[in-house]
Protein chains: 2
Amino acid sequence: MRVVVPFDAVRPKTRLGDVLDAEERRAFARSMLADVLATVREAGHEPTVLSNERVEVDAPLTVDERPLTPAVDGVLSASSGPVGIVMADLALATPRAVRRLCGGPGDVVVAPGRGGGTNALVVRHSDFRVDYHGASYLDHLRIARDLGATVREIDSARLGTDVDERADLAELLVHGDGESRDWLVDAGFELDVTDGRVGVERTD
Amino acid sequence: MRVVVPFDAVRPKTRLGDVLDAEERRAFARSMLADVLATVREAGHEPTVLSNERVEVDAPLTVDERPLTPAVDGVLSASSGPVGIVMADLALATPRAVRRLCGGPGDVVVAPGRGGGTNALVVRHSDFRVDYHGASYLDHLRIARDLGATVREIDSARLGTDVDERADLAELLVHGDGESRDWLVDAGFELDVTDGRVGVERTD
């Protein structure tokens, strides 16, 4: 299956601004993108990158300067056949989780993220369009229902964890095994267990 | 399978102190416990409650005043045969997720929670003991490895989401369908979508 990986090359990972400067955020975002592309390939699917700016990347690239929702809708309206949409910050995703996403039935398959988000989709209904603003998971269920499309939900912590904020870095240190985890370790991040709760600290 | 549900009846859900008073926290914790017990039963397993204080509950009850780790170890050392351990605040758990946990192979089956925690376990190795302090997920992997026990990890957002903090209430409002979600709605909580991010607000 063709799996589109939307990537914000212009201002990536702004919510990590308290722990990474702008150049670091770009490098870290690129390492997560590389992990996602590798995972999609290992799952047996064909990743393409949908970026808002030209980037050097080891995959077919579409540049679309519009916001996420119209850019993804542009892909969907130009596609025939199923399309996967997997966010570029799902650095914990495993090939197994991607196979669960892409392998089963459903006109629309959705892997929700925390906070009502939509971290991954498979779209097999030609009229389905996305709406990533706000509680997009609920919106996507509603859009599918209005179309009479069948929906399957993927219950996956690895697809459900988008790496957006400082606390998410702990998830990557605990569960990750790719380039982006290595990047964090090289940048001096390590787990910090205080009062029985786990966060991250940066030591250099 | 016997599934032990540890429950803190003495000081439940202290990290929700910014949005719920002590009596509300007790009531909300009890409603989540009821949801977990119902889900375990619906999955075809037999829940028992392990509480640090006597509680009225619709399941066999063991009272053990010790902290979580020695109390659970007490259950494990007194058990023959497999034991599941499912936390009482997994209000998003579904029967399907519990069947994935309890139904497959593995001397030790672990469903990690956010922040390196361990939200659910199945123990089929007679020498395995728990350590819930700190990054317990990593500790449990190490303990299993030291025993030569086989480990299976469950990739589930529903088992991975323990309801501890204000932000977790949004997860329950978005994805829940049981008594505890009803309790939250009755208490005046609703989703709050501001700047495209989803939280909760309380309106009465």
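Two residues are in contact if their C-beta atoms, placed from the backbone, lie within 7 Å. The exercises below concern a predicted model.

**Exercise 1.** Determine what share of the contacts in chain A with a separation of 6 or more comes from residues 24 or more positions apart.

*Solution.* Begin with the elements: chain A holds seven helices and nine strands. Next, take the contacts in chain A whose separation is 6 or more; of these, 63% join residues 24 or more positions apart.

**Exercise 2.** Establish how the radius of gyration of chain A stands against the globule rule.

*Solution.* First, the rule gives 17 Å for 204 residues. Second, the radius of gyration of chain A is 17 Å, close to that figure, so chain A is as compact as a globular protein of that length. Third, the C-alpha trace of chain A extends about 50 × 40 × 30 Å along its principal axes. Finally, 45% of the 204 residues in chain A are buried.

**Exercise 3.** Describe the side of chain B that touches chain A.

*Solution.* Start with the count: 22 residues of chain B are in contact with 22 residues of chain A. On the side of chain B, at least two residues each come from α4 (136-147), α5 (157-160), α6 (166-175), β8 (189-194) and β9 (197-202). By character, the residues on this side are 10 nonpolar, seven polar and five charged.

**Exercise 4.** Find the operation that lays chain B on chain A.

*Solution.* A turn of 180° with a shift of 0.0 Å along the axis superposes chain B on chain A at an RMSD of 0.0 Å. The two copies are therefore related as by a two-fold rotation axis. Both copies use the same surface, since 100% of the contact residues of chain B recur in chain A.

Methods
Residues are numbered from 1 along each chain as its sequence is written. Chains are lettered from A and ligands numbered from 1 in the order in which they are written. This is a predicted model: local features need pLDDT of at least 70, side-chain atom pairs count only at pLDDT 80 or more; totals for chains, interfaces and linings use all residues. Helices (H or I, at least four residues) and strands (E, at least two) are DSSP runs, numbered from the N terminus. Ala, Val, Leu, Ile, Met, Phe, Trp, Tyr, Cys and Pro count as nonpolar, Asp, Glu, Lys and Arg as charged, and the others, Gly among them, as polar. The radius of gyration is taken over C-alpha atoms; the globule rule is 2.2 Å times the number of residues to the power 0.38. A residue is buried if 20 or more other C-beta atoms lie within 10 Å of its own, exposed if 12 or fewer, and partly exposed in between; C-beta atoms are placed from the backbone. Copies are superposed by least squares on the C-alpha atoms of residues with pLDDT of at least 70 in both.
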